[in-house]
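Here are some exercises for getting to know a new structure. Try each task yourself before you read its solution.

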Amino acid sequence: MLAREIALPVVDPFLSLRVALRASELGQSNFTTILPDSGAYWAAYEKISEVNVHLNILERLWAAWYQYMENDTLATGIMSFVMHELVYFGRSLPWMIIDRIPWFRRYKIQNTKIPTAEEQWKCAKLVLLSHFTVELPQIWLFHPMCKAIGMDTDVPFPPWTKIAYQVAIFFVLEDTWHYWFHRAFHWGPLYKYVHKIHHTYAAPFGLAAEYASPIEVMALGFGTVGVPMLWCMATKDLHILTVYIWIVCRLFQAIDAHSGYEFPWSLHHFLPFWAGAEHHDVHHERFIGNYGSSFRWWDYLLDTEAGPEAAKKRREKKLAKEAAKARKAQ
Ligand SMILES: [Zn+2]
Ligand SMILES: [Zn+2]
C-alpha cells in the first residue's frame, strides 16, 4: 500500500487525501485512498489513551477527534453540524413513522389532519436548505467565539451534576427569551413578514419545528445558542459539551412539541409546568396564545393561555369582575 510507504505523521486529517494526490502524481490512481483515513483517528486515540489513563472513553474519543483534525474550528464545526442534522432528522423520523400507523390516531391532537408524505418532504427540503445556507456558515464562527469568551473545549469534561444544573438554567432562560420574542412575532407586521412561514402548518408535525424564516431562526435561535454564550461570559464556567447536551435536549423538546401527539405518558402529566405538544399544538391551531417553548408559566402568569378552556376561564373572570363592579355601584 502506498499509504504505508510514504512517511507522513500518523495523526493527519488530510493524510489519505495527500496520499491520493501523490498516487495520482505517480500515475497510480487508487480511489480507496481518497476515503477518510479512520486508521489515523484510532492511532490518535491509542496514543492519547496511553498517556492519559485518567480519561474516560468519551473524553479520549473527544481528544482524539481534535488531535486528528488538527484544526479546532473545523473539528467543532463538523461535530456541531453533524450532531444537529443527526438529532433533528433522527428525532423527526419516529414521528414520521407514527404518522403512517393508523393505531396512533387515537393520540393525535388534531386527528383529522395527518400530514401527507409529500407535505413532510416539502418541509424537510426547506429545513435542509436553511441548515446549509443559514446555519452552516454561522457554525464556522462557533469555535472562535467559544474561545473568545473563555469556553472550555478541552478534556476532562465537567462533572455530570454541573452539566445538569447548567442545562436546567438554560431551559428556564431560553423559555423566557422564547416567550417574549415569540409573542412579539405575533405582532402584525412581524407576523406577516417573518413568523407566518412557521404557521404554514395549523396541525404541526415533528419536522416542522425549524420550518421558519431565517430571521426567526436567528432571533429565536439566540435563546438556544446566545443564552449559554452570555452565561459563559458572566460566569467563565462552561464547557462546550454542556452546550451540546443542552442543544440536543432543546431539539428533542422542539420536535416533540411539534409532533402533534399527546399520550397518557407525556411529560406534562408528571411535570404540570412542562409545555409539550398539547401546549404548542393549540398555538398552531388557534394562532394566538401559548407562546412559551418549554414551560407553561409565562402564559399562565401573563394570561396568554390558548384554547377553549383558557377562553372560558377568561370569560368567567371578566364576568365576575363586572358583577363585582355592579355590586359596588349599587
Ligand atoms: Zn407562533
Ligand atoms: Zn411552532
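**Exercise 1.** Is F287 buried, partly exposed or exposed?

*Solution.* Keep in mind that you're looking at a predicted model. Start by counting: 14 other C-beta atoms lie within 10 Å of F287. A residue needs 20 or more to be buried, and 12 or fewer to be exposed. The count falls in between, so F287 is partly exposed. Next, find its place: F287 sits in the loop between α12 (276-286) and α13 (297-301). Finally, check the backbone: phi of F287 is positive, about 70 degrees, although the residue is not a glycine.

**Exercise 2.** Work out where D303 lies and whether it is buried or exposed.

*Solution.* Step one is location: D303 belongs to the loop between α13 and α14 (308-329). Step two is the neighbour count, which comes to 11 other C-beta atoms within 10 Å. The limit for an exposed residue is 12 or fewer, so D303 is exposed. Step three is the backbone again: D303 has a positive phi, near 55 degrees, and is a residue other than glycine.

**Exercise 3.** Take stock of the whole protein: how many helices and strands does it have?

*Solution.* Go along the chain and tally the elements: you get 14 helices and zero strands. Written as a pattern, that is α-α-α-α-α-α-α-α-α-α-α-α-α-α. Now turn to burial: 29% of the 330 residues count as buried. For contacts, take those between residues at least 6 apart in sequence; 59% of them join residues at least 24 apart.

**Exercise 4.** Find the largest nonpolar core and say which elements give two or more residues to it.

*Solution.* As background, nonpolar side chains tend to be buried together in soluble globular proteins. Here, the largest nonpolar core has 18 residues, and C123, L207, A208, Y211 and A254 touch the most other members. The elements giving two or more residues to this core are α5 (72-99), α6 (117-139) and α11 (240-258). Of these, α11 gives the most, with four residues. There's also another core lying apart from this one, made of eleven residues, among them F142, C232, V243 and W246. To zoom in on one member of the largest core, pick A208: setting aside neighbours within four places in sequence, A208 is in contact with C123, Y201 and H258.

**Exercise 5.** Describe how α5 and α6 pack: what is their crossing angle, and which way do they run?

*Solution.* First, the geometry: the two axes come within 11 Å and cross at roughly 165 degrees. Angles over 145 count as roughly antiparallel, so that is what α5 is to α6. The crossing of α5 and α6 is right-handed. Then list who takes part: α5 brings G77, S80, F81, E85 and M96, while α6 brings Q120, H131, L136 and I139. Sorted by class, this contact has four nonpolar, four polar and one charged residues.

**Exercise 6.** Do the same for α3 (residues 38-51) and α4 (residues 57-69): what is their crossing angle?

*Solution.* The axes of α3 and α4 come within 8 Å and cross at roughly 125 degrees. That angle makes the two helices oblique to each other. Their crossing is right-handed. On the α3 side you'll find A40, Y41, A44, Y45, I48 and S49, which meet R60, L61, A63, A64, Q67 and Y68 of α4. By class, the contact of α3 with α4 splits into nine nonpolar, two polar and one charged.

**Exercise 7.** How many residues of α12 are buried, and which ones are they?

*Solution.* Eight of the eleven residues are buried, so α12 is mostly covered. The buried ones are G276, A277, H279, H280, D281, V282, H283 and H284. As for what covers them, α11 is included. 

**Exercise 8.** Look at two prolines: where are P156 and P264?

*Solution.* P156 lies in the loop between α7 (142-148) and α8 (160-185). The peptide bond leading to P156 from V155 is cis, with omega near 0 degrees. P264, for its part, is in the loop between α11 and α12. With 6 C-beta neighbours inside 10 Å, P264 counts as exposed. Now look for a distant partner in sequence: Y107 is 157 residues away from P264 along the chain, and their C-alpha atoms are separated by 8.6 Å.

Note on methods
Residues are numbered from 1 along each chain as its sequence is written. Chains are lettered from A and ligands numbered from 1 in the order in which they are written. This is a predicted model: local features need pLDDT of at least 70, side-chain atom pairs count only at pLDDT 80 or more; totals for chains, interfaces and linings use all residues. A nonpolar core is a set of buried Ala, Val, Leu, Ile, Met, Phe, Trp, Tyr and Cys residues joined through C-beta atoms within 7 Å. Two residues are in contact if their C-beta atoms, placed from the backbone, lie within 7 Å. Axes are lines fitted to C-alpha atoms, for helices over the stretch in contact, and angles run from 0 to 180 degrees between N-to-C directions. Angles under 35 degrees count as roughly parallel, over 145 as roughly antiparallel, 65 to 115 as roughly perpendicular and the rest as oblique. A crossing is left-handed if the near helix is turned anticlockwise from the far one by less than a right angle, and right-handed if clockwise. Ala, Val, Leu, Ile, Met, Phe, Trp, Tyr, Cys and Pro count as nonpolar, Asp, Glu, Lys and Arg as charged, and the others, Gly among them, as polar.
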